[in-house]
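I am opening a notebook page on this model, and I will write down what I look up in the order in which I look it up.

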Amino acid sequence: MGLFNRYDGSMNDDMAIAPKAGDGKIYRLVQLLAISAFLIAVVLVILEIFQILPMSANTNGVVFSIGVLGAGGMIALPWVRVFEVFKEKPYKITAIVFLVLAGVCVILWIICVWLIIGLIKKAIMNDVDISIINSLVNSLNAIRASLIVSLQFVVASYVAKNVIKYKKTLLPYQIMAGLSQLFIDAFLCIVLTALTITTEGVEFSKTAILLTNRWTWALFVIAVVLGIFPNVVFRRTDRRNILRARSEGTHETFDAQPDDTDNAPAADTGTANANTANIDPFDMDPFYSTTTASSGPSVDEKLRKIKDLLDKGLITQEEYDKKREDIINSI
């Protein structure tokens, strides 16, 4: 889940909500529970906003906790998929670690929800004294700590996801993305720790001086730019891999990288079914349309046509490779 990944309705590596061939029972169960919990919480909040279903402070706490559980479940879905898809122990251990970290983040946010609910209840009772001030300070510090922990999870998950997905390919872009995310993480942590909240008020810590330095802000802007560019490359690579896999009649897998597949032989239908175990857990584009903007044949149709010509011996392998590359580059 990168800081700059966006959801555009077609491909989102981090939300992992779209259905996909090879999804296991655990994934489907977590998916169902997470989406249901999140939607129930959203509906109840909307009903309360429009005063259709008034709720007490405690009920609000339960509703928001359910929503946090649902959101946490959706964040954990990619790692549930990795745990079920891969049989190798390192991948399973990595998935378990990130699932535990996601659980820690969810617990922290539920604690924050109930701290805020407690403040609201005291405010309603007009019980404004030193205790509510202490509660306010503790709540704000707890929220700040939760944000810092959540940032570490987001950045670590993003870097680990790219390493698992692309392995030894696209290394310069992986390094660029990882370094930019780490710098942005450090910058945001400085921002969150720059102000010390006490019962006496707000005080500036020693790290606040870094925010007055022009170099710090210049490097932050550079990191943002360098963080966006690799994601564009990753997304384009994912789309190209999907088209290559479809042209060869196979599922898109982790191993189907641009450096390894240009001269790979086409697999038959039986091989495609055998590759189910290697389905890319982070691929979020199972229904991606490859139809071009023109009214002519779609990309899928063009690729299938040249594949048929190759199978019938009407064109050479070199002609097929060149034509396929031209079709894919035209997207």
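**Entry 1: Phenylalanine 183 and its helix**

I began with phenylalanine 183, which I found in helix α5; helices (H or I, at least four residues) and strands (E, at least two) are DSSP runs, numbered from the N terminus. Before going on I noted that this is a predicted model, in which local features need pLDDT of at least 70 and side-chain atom pairs count only at pLDDT 80 or more, while totals for chains, interfaces and linings use all residues. I also noted that residues are numbered from 1 along each chain as its sequence is written, and that side-chain values use heavy atoms, with hydrogens and water left out.

Is phenylalanine 183 buried or exposed? Its relative accessibility is 27%, so I entered phenylalanine 183 as partly exposed; buried means under 20% relative accessible area, exposed over 50%, and partly exposed in between (1.4 Å probe, protein chains only). Leaving out residues up to four places away in sequence, I listed Thr216, Leu219, Phe220 and Ala223 as the residues that phenylalanine 183 touches, where contact means heavy atoms within 4.5 Å. For alanine 223, which is 40 residues from phenylalanine 183 along the chain, I noted a C-alpha separation of 6.7 Å.

**Entry 2: Threonine 216, from the other side**

I then turned to threonine 216, whose place is in helix α6. Threonine 216 counts as buried because its relative accessibility is 12%. Setting aside neighbours within four places in sequence, I found threonine 216 in contact with Phe183, Phe187 and Leu210.

**Entry 3: α5 against α6**

How do the axes of α5 and α6 cross? They come within 8 Å and cross at roughly 140°; axes are lines fitted to C-alpha atoms, for helices over the stretch in contact, and angles run from 0 to 180 degrees between N-to-C directions. I therefore recorded α5 and α6 as oblique to each other, given that angles under 35 degrees count as roughly parallel, over 145 as roughly antiparallel, 65 to 115 as roughly perpendicular and the rest as oblique. The crossing of α5 and α6 is left-handed, a term used if the near helix is turned anticlockwise from the far one by less than a right angle, with right-handed used if clockwise.

On the α5 side the residues making the contact include Tyr173, Met176, Phe183 and Phe187, and on the α6 side they include Thr216, Trp217, Phe220 and Ala223. By class I noted 16 nonpolar, 4 polar and no charged residues in the contact of α5 with α6; Ala, Val, Leu, Ile, Met, Phe, Trp, Tyr, Cys and Pro count as nonpolar, Asp, Glu, Lys and Arg as charged, and the others, Gly among them, as polar.

**Entry 4: α6 against α9**

I followed α6 (residues 214-247) to helix α9 (residues 299-311), where the two axes come within 9 Å and cross at roughly 45°. That angle makes α6 oblique to α9, and the crossing is right-handed. Here Leu243, Arg246 and Ser247 of α6 meet Val299, Asp300, Leu303 and Lys307 of α9, and I entered the residues of this contact as 3 nonpolar, 1 polar and 3 charged.

From lysine 307 I looked across to glutamine 317, which is 10 residues away in sequence and 9.8 Å away in space, C-alpha to C-alpha. Glutamine 317 is in helix α10 (residues 317-329), and I recorded glutamine 317 as partly exposed at 38% relative accessibility.

**Entry 5: α2 against α3**

For helix α2 (residues 57-85) and helix α3 (residues 89-124) I noted a packing angle of about 170°, with the axes 9 Å apart. The pair α2 and α3 is therefore roughly antiparallel, with a right-handed crossing, and the residues of the contact divide into 22 nonpolar, 6 polar and 2 charged.

**Entry 6: Two loop residues with positive phi**

In the loop between α1 (25-49) and α2 I stopped at glutamine 51, a residue other than glycine with a positive phi near 55°. Glutamine 51 is exposed, with a relative accessible area of 67%. Lysine 167 lies in the loop between α4 (130-166) and α5 (171-193), and its phi is positive too, near 50°. At a relative accessible area of 33%, I entered lysine 167 as partly exposed.

**Entry 7: The chain as a whole**

I closed the page with the secondary structure of the protein chain, which comes to 10 helices and 2 strands.
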